[in-house]
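Before reading on, please take a moment to look over the sequence and the three-dimensional view shown below. The report that follows is meant for a reader who has not met this structure before.

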Amino acid sequence: MTIPEIVKKKGFAVTSELSPPKGVDCQKVLKLAEDMSCSVDAINVTDGQSAVMRLGSLPLCHLLMDHGVEPVLQLTCRDRNRIALQAELLNAYTLGIRNVLCLTGDHIALGDHPDAKQVYDLDSVSLLWAAQKLNQGHDMHENSLDGATDLCVGAVVNPSSTDIEPQMLKMKRKIKAGARFFQTQAVFDMSNIEPFVAAAREAKLPFLIGILLLKSAKMAQFVNKNVSGITVPDSLVTELEESKDPVQTGIEIAARTIREARSICEGVHIMTVGREDLVVEIARQAGLPA
Amino acid sequence: MMLLSRLKPLDELVDQLQGFESVLILACNGCEESFGNASPDRLRYLRAEVEKQGKSVSDVISVDFLCERLLVKHWLQDADCRGDFDAILVVSCGIGVQVVSKESQYPVFPACDTVTMGGRFGQAWAKESCRECGQCILPYTGGICPLTACSKGLLNGPCGGSQDGRCEVFPETRECGWHLIYERLKATGRMHLLTGNPLVKDYSKSEPPEELVSLRTKILEEEIDTL
């Protein structure tokens with residue numbers, strides 16, 4: 001089922017995400033997916049997240065489908081030119097994948113192969129546009145396809161950026177290029193979210209707010225220092241500092257943010273960075289239907 | 001250093017000037033001079049084409065080396081004071097266009113596509129601001145090239161990581177190129193360009209045309225022969 005179909009059916013969509021292993025052993029990640037599948041409607045599979053070389057998103061998405069889990073293929077523009085990107089979209093559709101999240105991709109300098117050549121032949125906007133073309137039965141050069149795709153392409157927006165207006169304009173550009181749903185970067189403070197939700201609503205697109213599990217005050221401080229574009233408010237850092245059980249407090253913060261999001265938008269995207277085993281508990285505490 | 005450029009196709013030249021009534025043509029007499037884009041004939045042709053669109057040309061000024069900020073500043077002080085134009089058409093490589101864009105309060109447009117950097121080196125210092133892609137997109141990006149100003153070279157807006165106008169990858173040393181573009185487009189009333197159709201590069205244009213390369217080689221060789 002596509003993300004908009006899930007929202008239509010259930011009123012509120014819950015997604016989470018998994019990274020493919022660095023290697024080929026998928027047992028652990030498939031067990032995590034199976035465990036969390038009772039609490040989420042779909043699972044995003046990252047594509048070379050943080051520019052770290054791993055198993056691709058596509059094979060893991062395919063394995064998730066075999067396990068009855070709806071995948072969202074993440075596709076970034078960092079490692080492939082427009083020929084490879086379009087081919088990967090065809091690959092995904094051929095293997096039964098319907099949801100694709102189009103991203104630009106983290107800079108090479110952040111990863112474990114800083115000496116690699118970064119591609120960025122397309123970016124998130126032009127990738128959405130290319131996917132829309134494939135759905136219409138032709139490639140970027142208007143060559144006809146022998147069988148069109150019917151992919152549901154989504155995009156990311158960062159409502160927490162301090163540079164709000166440029167982000168807003170880029171979101172509009174993504175809508176114009178064919179985005180059919182949005183998942184956001186981690187949000188802790190809903191005060192700036194309104195214009196983004198309104199833009200999605202105007203285009204009748206589901207808007208899923210990103211929820212990041214803070215496992216400790218140290219992690220929150222690390223995020224503030226090193227993850228550009230995400231800000232954890234001081235009040236939350238203090239709450240974690242003063243907690244006797246920071247992981248539990250982090251779960252409570254995530255659950256609280258989800259409850260807040262439920263009255264604002266059409267879904268949440270839960271990111272737990274290595275603690276995927278806690279997704280079910282976060283969803284339970286947030287009162288999300290199992 | 002010798003940046004080679006060729007005039008943009010006429011439809012692109014005309015398209016970028018839509019909505020503007022009076023144009024100042026600023027031409028570079030530096031490297032370009034050798035390749036004719038800033039020759040009197042070529043400038044007369046450009047002027048006539050602009051006027052054919054029902055626009056007036058306030059002046060045609062030739063400057064030696066538009067990559068020299070001080071020179072550009074000097075010329076623009078006079079021209080900006082007169083204010084008898086609402087757009088500047090720059091006949092130069094991508095570096096010249098961006099220097100003019102930095103120094104002027106008016107929207108700045110490239111008359112040329114820069115196709116290669118090469119030739120004579122060792123005389124000038126310049127920050128890399130042109131990647132000689134052969135498909136100049138400065139009309140859509142406020143006269144600031146995202147290929148060099150953005151660490152990812154993105155064409156359609158900022159990534160999600162820029163914070164307080166700084167680049168997410170090199171926050172200490174780099175401004176976010178798209179933040180600069182946004183500020184420039186806002187200041188010149190052209191924000192609609194930030195929600196336009198997706199820009200996609202045609203990389204087949206980045207290969208310098210053989211006739212320009214052989215002409216450059218010939219000029220350089222003749223120069224050495226006369227020494």
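The text below goes through each chain and then through the contact between the chains.

**Chain A: overall build**

The coordinates come from a predicted model, and the description starts with chain A, whose secondary structure consists of 11 helices and eight strands. A compact globule of 290 residues would be expected to have a radius of gyration near 19 Å, and because chain A has 18 Å, its value agrees with that expectation. Taken along the principal axes, the C-alpha atoms of chain A fill a box of roughly 60 × 45 × 45 Å.

The strands of chain A form a closed barrel of eight, which runs β1-β2-β3-β4-β5-β6-β7-β8 with parallel pairing. From one strand of this barrel to the next, the twist averages 30°. One of the pairings can be followed in detail: strand β7 of chain A, residues 207-212, and strand β8 of chain A, residues 267-271, are paired in the parallel sense over five bridges. Within this part of the barrel, I211(A) has I270(A) in β8(A) as its bridge partner.

**Chain A: helices that pack on one another**

Two packed helices are described by the angle between their axes and the distance between the axes. The table gives these values for three helix pairs of chain A.

| Helix pair | Angle between axes | Distance of axes |
|---|---|---|
| α4(A) and α5(A) | roughly 50° | within 10 Å |
| α8(A) and α9(A) | about 155° | 8 Å |
| α9(A) and α10(A) | about 145° | 9 Å |

Helix α4 of chain A covers residues 82-94 and helix α5 of chain A covers residues 124-135, and their axes cross at roughly 50°. The two helices α4(A) and α5(A) are therefore oblique to each other, and their crossing is right-handed. On the side of α4(A) the contact is made by R82(A), L85(A), Q86(A), L89(A) and L90(A), while α5(A) brings L127(A), A130(A), A131(A) and L134(A). Sorted by class, this contact of α4(A) with α5(A) has seven nonpolar, one polar and one charged residues.

Further along the chain, helix α8 of chain A (residues 217-226) packs against helix α9 of chain A (residues 234-241) at an angle of about 155°, which makes α8(A) roughly antiparallel to α9(A). Here A217(A), A220(A) and Q221(A) in α8(A) meet L236(A), V237(A), L240(A) and E241(A) in α9(A). By class, the contact of α8(A) with α9(A) has five nonpolar, one polar and one charged residues.

Helix α9(A) also packs against helix α10 of chain A, residues 246-262. In this contact L236(A), E239(A) and L240(A) of α9(A) meet P246(A), T249(A), G250(A) and I253(A) of α10(A). The residues of the contact of α9(A) with α10(A) divide into four nonpolar, two polar and one charged.

**Chain B**

Chain B has seven helices and six strands, and along its sequence these follow the pattern β-α-β-α-β-α-β-α-β-β-α-α-α. A compact globule of 227 residues would have a radius of gyration near 17 Å, and chain B, with 17 Å, agrees with this. The C-alpha trace of chain B spans about 55 × 40 × 35 Å along its principal axes.

Four strands of chain B make an open sheet in the order β3-β2-β4-β5, with parallel pairing. Strands β3 (56-63) and β5 (108-110) of chain B stand at the edges with a single partner strand each, so one side of each is left without a neighbour in the sheet. Neighbouring strands of this sheet are turned by 25° against each other on average, direction ignored. Strand β4 of chain B, residues 87-91, is joined to β5(B) by three bridges, and the two run parallel; the bridge partner of I88(B) in β5(B) is V108(B). Helix α3 of chain B, residues 69-82, packs on the sheet, where it touches β2 (22-28) and β3 of chain B, and its direction makes about 155° with that of β3(B).

**Where the chains meet**

How many residues of chain A are in contact with chain B? There are 24 residues of chain A in contact with 25 residues of chain B. Helices α5 and α6 (164-176) of chain A each supply at least two residues of the side of chain A that touches chain B, and α6(A) gives the most to that side, with six residues. By class, the side of chain A that touches chain B has nine nonpolar, nine polar and six charged residues.

Methods: Residues are numbered from 1 along each chain as its sequence is written. Chains are lettered from A and ligands numbered from 1 in the order in which they are written. This is a predicted model: local features need pLDDT of at least 70, side-chain atom pairs count only at pLDDT 80 or more; totals for chains, interfaces and linings use all residues. Two strands pair if DSSP finds at least two bridges between them. Axes are lines fitted to C-alpha atoms, for helices over the stretch in contact, and angles run from 0 to 180 degrees between N-to-C directions. Angles under 35 degrees count as roughly parallel, over 145 as roughly antiparallel, 65 to 115 as roughly perpendicular and the rest as oblique. A crossing is left-handed if the near helix is turned anticlockwise from the far one by less than a right angle, and right-handed if clockwise. Two residues are in contact if their C-beta atoms, placed from the backbone, lie within 7 Å. Ala, Val, Leu, Ile, Met, Phe, Trp, Tyr, Cys and Pro count as nonpolar, Asp, Glu, Lys and Arg as charged, and the others, Gly among them, as polar. The radius of gyration is taken over C-alpha atoms; the globule rule is 2.2 Å times the number of residues to the power 0.38.
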